[in-house]
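Colleague: I am new to this structure and would like to look closely at a single part of it. Could you choose one place to begin and then lead me on from there, with care over how each piece sits among the others?

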Amino acid sequence: MAPLTIIVTGKSSVTHAPERGTIRFSVKGNGPLQDQVASLVASLSTSLQSWFKSTFHSWTDDHPEGPLTKFSSTSIKTWTKSTDKHDQPMQNLHHASISFKAVFRDFTKLNQAIEELLVYPKVEIDGLDWSLTDETGRQLASDARKLALRDAIQQADDYSEVLGRQVSVVEITDHGMSPYRATHRDLMMAPSFGGHPGEDPAPLDLTPQDIDVESQVNVTFQAA
């Protein structure tokens, strides 16, 4: 009987509830004088950092009780824009922003932080990300790889049953893609910077989003 090669793609997806929620937000300001704008944004940022850390008590990620596991500044930007979208001169041409990231394990406290930030002067909430801890991510990635291989083997067994021939694995090709993807949601909710004047802001969906951990593998079988 002539040799027969069977090539199949095994796939899997494992779902897990998020373990961390990350708020991305920025302090922004604009005005006619660059020094005043930069000073205002720096002052507001310092005040916000003090409030954030005193309210939510940042702990390291291995502490079981700390609601906030990480708080950091991610970028500082200044720029000048002399005309608007209609090419008209702008009075407040100087801009500055400082961006922050806060990672929560306590989602009730995360919701509280968002509610406070929505009314904090000159603050824009840029996005909300849901993720897993590194340990859980690695374990689920391992589970997903095993399930993908089992899926490929099941497909090959289905073919072999119809053909009446035994199959054995001769090659496994992992696609090399990262099986774990955090869930990102851009919000852009600040009334000073997002949306249009007179419009009500869109409602915030703060429901934790499940994380999908996926795997895909190509498997080559030889039919005897």
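Modeller: Let us begin with S97, which touches V27, K28, V41, S75, I76, K77 and W79 when residues up to four places away in sequence are not counted. Please keep in mind throughout that this is a predicted model. S97 belongs to strand β4, which covers residues 94–104, and it counts as buried because its relative accessible area is 2%, whereas the cut-off for buried is under 20%.

From there we can turn to a sheet, an open one whose three strands follow the order β1-β8-β6 with antiparallel pairing. Its edge strands, each of which pairs on one side only, are β1 (4–16) and β6 (167–174), and from one strand to the next the twist averages 30°. Strands of a sheet in general pair through backbone hydrogen bonds, either parallel or antiparallel. Here β6 and strand β8, residues 211–223, are joined in the antiparallel sense over seven bridges, and if you look for D174, you will find that its bridge partner in β8 is V217.

Across β1, β6 and β8 lies helix α3, made of residues 134–163, which runs at about 145° to β1.

Finally, V169 lies in strand β6, and this residue is described as partly exposed because its relative accessible area is 41%, a value to be set against the range between 20% and 50%. Together with I153 and I172, V169 forms a nonpolar patch on the surface, and the three have about 230 Å² of accessible area together.

Technical notes:
Residues are numbered from 1 along each chain as its sequence is written. This is a predicted model: local features need pLDDT of at least 70, side-chain atom pairs count only at pLDDT 80 or more; totals for chains, interfaces and linings use all residues. Side-chain values use heavy atoms; hydrogens and water are left out. Two strands pair if DSSP finds at least two bridges between them. Helices (H or I, at least four residues) and strands (E, at least two) are DSSP runs, numbered from the N terminus. Axes are lines fitted to C-alpha atoms, for helices over the stretch in contact, and angles run from 0 to 180 degrees between N-to-C directions. Contact means heavy atoms within 4.5 Å. Patches are made of residues with over 30% relative accessible area and no salt bridge: like charges are joined within 9 Å, nonpolar side chains (Val, Leu, Ile, Met, Phe, Trp, Tyr) within 5 Å. Accessible areas come from the Shrake-Rupley method with a 1.4 Å probe; for residues, only the protein chains shown count as cover. A salt bridge is a side-chain nitrogen of Lys or Arg within 4 Å of a carboxyl oxygen of Asp or Glu. Buried means under 20% relative accessible area, exposed over 50%, partly exposed in between (1.4 Å probe, protein chains only).
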